[in-house]
Amino acid sequence: MKRLLLLVALVTSCGAFAGTLAYDPAADARADVQRALTEAKASHRPVLLIFGANWCEDCRALDAALKSGRNGALVAREFNLVKVDVGNFDRNLDVAMAYGDPIARGIPAAVIVAPDNRILFSTRAGELADARRMSITGVHDFFARAAQAAKASR
C-alpha cells in the first residue's frame, strides 16, 4: 500500500512539474504556428517563434524573462507567441529549417514572421544563446529592437 501511495505521489508530482515546463514536448509545433499565423491575420501582429528546449538553462531563463513585467507586456502587445521545443536538436527541426535554421548557432533562437509567413526578423548568430546572463532590461531592449525591425520589414 505504501508503494502504491508513493507511486501515486511520484506520478502526481511529475505531472505538476510537466505543467511548468517552458517548452511542451507534446505540442504540435506546425499546428501551433499555423494557429498563430491565423490569429496574426486577425490581430495584425506578427508571430514570434522562440525555439528552445527544457534542458537548456538559457532557454528557461529567456522564457522566465519573457513572462515577467514589462517583457511580458511587450510580448503580449507586439506578438503572437509560439514556443517550439527542439528537444536535443532532434525535434521540430523541420520547423526550424522552414525559418532559415535559426538554431544553427544555438538556442534559444527567435524568428518573427508576418501573418503571411514571411520572415521579418531572425536571430542568426546565437544572439540569445547566453540569455541567462542578459538582464531583464537587456531582454526587453532586444525584443523591442526586434519588434521595430519587424515593423520596418513589413
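**Exercise 1. Asparagine 92**

Take asparagine 92, which sits in the loop between E2 and H5, and work out what surrounds this residue in the predicted model.

*Solution.*
Step 1: start with accessibility. Asparagine 92 has a relative accessibility of 16%. The cut-off for buried is under 20%, so asparagine 92 counts as buried.
Step 2: follow the side chain. It gets to the backbone oxygen of aspartate 85, at 2.7 Å.
Step 3: list the contacts, skipping neighbours within four places in sequence. That leaves Ala29, Val84 and Asp85.

**Exercise 2. Aspartate 85 and its partner**

Stay with aspartate 85: which residue does it form a salt bridge with, and at what distance between the closest N and O atoms?

*Solution.*
Step 1: look for the partner. Aspartate 85 pairs with arginine 91, with the closest N and O atoms 2.4 Å apart.
Step 2: check the accessibility of each end. Aspartate 85 is buried, at 4% relative accessibility. Arginine 91 comes out at 32%, and that makes it partly exposed.

**Exercise 3. Other salt bridges**

How many salt bridges does the count come to? Then pick out the pair that ties helix H5 to helix H2.

*Solution.*
Step 1: the total is eleven salt bridges.
Step 2: the pair in question is aspartate 94 with arginine 30, whose closest N and O atoms are 2.7 Å apart.
Step 3: place both residues. Aspartate 94 belongs to helix H5 (residues 93-98) and arginine 30 to helix H2 (residues 29-43), so this salt bridge links distant parts of the chain, 64 residues apart. Aspartate 94 is partly exposed, with a relative accessible area of 40%.
Step 4: for another case, try aspartate 116 and arginine 118, whose side chains meet in a salt bridge at 3.0 Å, N to O. Both ends are partly exposed: aspartate 116 has a relative accessible area of 48%, and arginine 118 has 37%.
Step 5: look for shared partners. Glu57, Asp58 and Arg132 are joined into one network that way.

**Exercise 4. The sheet**

Trace the order of the strands in the sheet and say which strands stand at the edges.

*Solution.*
Step 1: get the overall inventory. The chain has six helices and four strands, and from the N terminus on they run α-α-β-α-α-β-α-β-β-α.
Step 2: put the strands side by side. The four strands make an open sheet, ordered E2-E1-E3-E4, with mixed pairing.
Step 3: find the edges. Strand E2 (80-85) and strand E4 (119-122) each have a single partner strand, so one side of each lacks a neighbour in the sheet.
Step 4: add the geometry. From one strand to the next, the twist averages 20°.
Step 5: zoom in on one pair. Strand E3 (residues 109-113) and E4 run antiparallel and are joined by three bridges. Here isoleucine 112 stands opposite phenylalanine 121 in E4.
Step 6: see what covers the sheet. H2 packs on it and touches strand E1 (47-52), E2 and E3; the direction of H2 makes about 170° with that of E2.

**Exercise 5. The core and helix H6**

Which residues of the largest nonpolar core touch the most other members, and where does H6 come in?

*Solution.*
Step 1: read off the core. It holds 45 residues, and Phe51, Tyr99 and Phe143 touch the most other members.
Step 2: ask who contributes. H6 supplies the largest share of this core, six residues.
Step 3: open up phenylalanine 143. Neighbours within four places aside, its contacts are Leu48, Ile50, Leu62, Leu66, Leu74, Phe79, Ala110 and Leu128.
Step 4: turn to histidine 140, which lies in helix H6 (residues 136-153). Its relative accessible area is 14%, so histidine 140 is buried. Leaving out neighbours within four places again, histidine 140 is in contact with Arg70, Asn71 and Leu74.
Step 5: compare sequence and space. Histidine 140 and glycine 69 are 71 residues apart along the chain, yet their C-alpha atoms are separated by 9.9 Å.

**Exercise 6. The whole chain**

What percentage of the 154 residues is buried, and what percentage of the contacts with a separation of 6 or more comes from residues 24 or more positions apart?

*Solution.*
Step 1: buried residues make up 42% of the chain.
Step 2: residues 24 or more positions apart account for 70% of those contacts.

Note on methods. Residues numbered from 1 in each chain as written. Predicted model: local features only at pLDDT ≥ 70, side-chain atom pairs only at ≥ 80, totals over all residues. Heavy atoms only, no water. Helix = DSSP H or I, 4+ residues; strand = E, 2+ residues; numbered from the N terminus. Buried < 20%, exposed > 50% of the residue type's maximum accessible area, 1.4 Å probe, protein only. Contact = heavy atoms within 4.5 Å. Salt bridge = Lys/Arg side-chain N within 4 Å of Asp/Glu carboxyl O. Core = buried A, V, L, I, M, F, W, Y, C linked by side-chain atoms within 4.5 Å. Pairing = 2+ DSSP bridges. Axes fitted to C-alpha atoms, helices over the stretch in contact; angles between N-to-C directions. Polar contact = N/O pair within 3.5 Å; in protein donor to acceptor, adjacent residues only side chain to side chain.
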